[in-house]
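Reader: Got a minute to go through this one with me? Put it up on screen and tell me how you use "buried" before we get going.

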Amino acid sequence: MHILTFQNALDIAEHFEGLGKVVQVEERTFPDGEVLVRVPEAGPVVVLVARLYPGVNDSVFKLFLALDALNDMGVGRVVVVAPYLPYARQDRRFRPGEPISAKALLKTLANLSVGALVAVDLHKPYIADYVPRVAVRNVYPAEEFAERLKGVDAVVSPDFGSLHRAEAVARILGVPYTYFEKYRDRETGAITLMPRRDLELRGARVAIVDDILSTGGTLVDACKAARTLGASEVYAAVTHCQLLKDAREKAKSCVDRLICTDSILNEFAEVKVGPLLRREVEKLL
């Protein structure tokens, strides 16, 4: 078996040493912006490791080219390892005429003979149902987050969509969990976040759990709500930290500690996803 990796994922691929020979895919960008890849000769089973962020569109197209080349070589089975799966937030058709981008991406992988996809914390796990031909394995680092959040009194999701993440971490810690719900004042229009369940946060050390931190607005709103309700300390455990624009400053202005994974490289990446991804790949082989 061969472990092929793009340059931006070498640090993740090193965790696959021992499963097979780790070889880097050759990459080139031409002056006009077109990209080219070259994959080495490979055996019947290939694990292809790719970071698809940043540079989403170039990275995704390089992945497609590499997969097409592997198909032409006659590789029998390909497992794609993509820690952060782009376009996953477009998981349904929000307005008429829009694509379901997550489905389009998975369909393309299926058409390029990908047998399995291993990713970390998909925005909505149900996107795997769109393309059953690809065995999607969704890994969530609940234990790794819980290890770093020992001592917290409650785990909170900023909205209902991340409640399953809060539950997974809270159950390991043995603490209560809930999610914030938005309430709008009918007279002023002001929006207030309140815990959905009757959970006392006064004097509590609170952990906010979510999947993506982009501009930081959602995280800071949740943090401020926890502070308003009397939380003594607020931590945040976020899987994919894009940290766009002034998100770093926003987070630091409210959160006592920000914990991210290295699915996207950043200075807050305490959790390494390589070992988790390797364990999941081993189950597939």
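Author: Buried means a relative accessible area under 20%, exposed means over 50%, and partly exposed is in between (1.4 Å probe, protein chains only). By that rule Cys241 is buried at 1% relative accessibility.

Reader: Okay. Anything to know about the model and the numbering?

Author: It's a predicted model, so local features need pLDDT of at least 70 and side-chain atom pairs count only at pLDDT 80 or more, while totals for chains, interfaces and linings use all residues. Residues are numbered from 1 along each chain as its sequence is written, and side-chain values use heavy atoms, with hydrogens and water left out.

Reader: You brought up a cysteine. How many disulfides are there?

Author: The count is 2, taking a disulfide as a pair of cysteine sulfur atoms within 2.5 Å. Cys223 is bonded to Cys254, with 2.0 Å from S to S. The angle about that S-S bond is -95 degrees, which makes the Cys223 and Cys254 link left-handed. Cys223 sits in helix α6 and Cys254 in the loop between α7 (247–252) and β14 (257–261), so this bond ties together parts 31 residues apart in sequence. Helices (H or I, at least four residues) and strands (E, at least two) are DSSP runs, numbered from the N terminus.

Reader: Are Cys223 and Cys254 buried or exposed?

Author: Cys223 is buried, with a relative accessible area of 0%. Cys254 counts as buried too, at 9%.

Reader: And what does Cys241 pair with?

Author: Cys241 is joined to Cys260, at 2.1 Å from S to S. This link is left-handed, with -85 degrees about the S-S bond. Since Cys241 belongs to strand β13 (residues 233–241) and Cys260 to strand β14, the bond ties together parts 19 residues apart in sequence. Cys260 is buried, at 0% relative accessibility.

Reader: So what's the pairing pattern, with the bonded cysteines numbered in sequence order?

Author: It reads 1-3, 2-4.

Reader: Nice. Switching to sheets: in what order do the strands of the open sheet run?

Author: That sheet has 6 strands in the order β2-β1-β5-β6-β7-β8, with parallel pairing. At its edges are β2 (21–24) and β8 (135–139), each with a single partner strand, so one side of each has no neighbour in the sheet. Two strands count as paired if DSSP finds at least two bridges between them.

Reader: How many bridges join β1 to β2?

Author: There are 4, and the two strands run parallel, β1 covering residues 2–5. One of the partnerships is His2 in β1 with Lys21 in β2.

Reader: Where's the hairpin, then?

Author: That's β3 and β4, with 5 residues between them. Strand β3 (residues 26–29) runs antiparallel to strand β4 (residues 35–38), and 4 bridges join them. Arg28, for instance, has Leu36 in β4 as its bridge partner. In the turn, Gly33 has a positive phi of about 100 degrees.

Reader: What comes after β4? Where is Glu41?

Author: Glu41 is in the loop between β4 and β5 (45–49). Glu41 is exposed, at 66% relative accessible area. His2 is 39 residues from Glu41 in sequence, but their C-alpha atoms are 9.1 Å apart in space.

Reader: Last topic, empty space. What's the volume of the largest pocket?

Author: About 250 Å³. On a 1 Å grid over the protein atoms alone, a pocket is an open set of points with protein on both sides within 12 Å along at least five of seven lines, whereas in a cavity a 1.4 Å probe fits but cannot get out; lining residues have an atom within 4 Å of a point. Points join across faces, edges and corners, and volume is the space filled by probe spheres set on them.

Reader: Which residues lie nearest the centre of that pocket?

Author: Asp159, Asp210, Asp211, Ile212 and Thr218, out of 20 lining residues. Strand β12 (205–213) and helix α6 (217–228) each supply at least two residues of the lining, and the largest share, 5 residues, comes from β12. Helix α6 is also where Cys223 sits.

Reader: And how many cavities of 30 Å³ or more?

Author: There is 1, with a volume of about 40 Å³. Its lining includes Tyr84, Leu85, Arg89, His123 and His240. Ile212 lines this cavity as well, and Ile212 is also one of the residues nearest the centre of the largest pocket.
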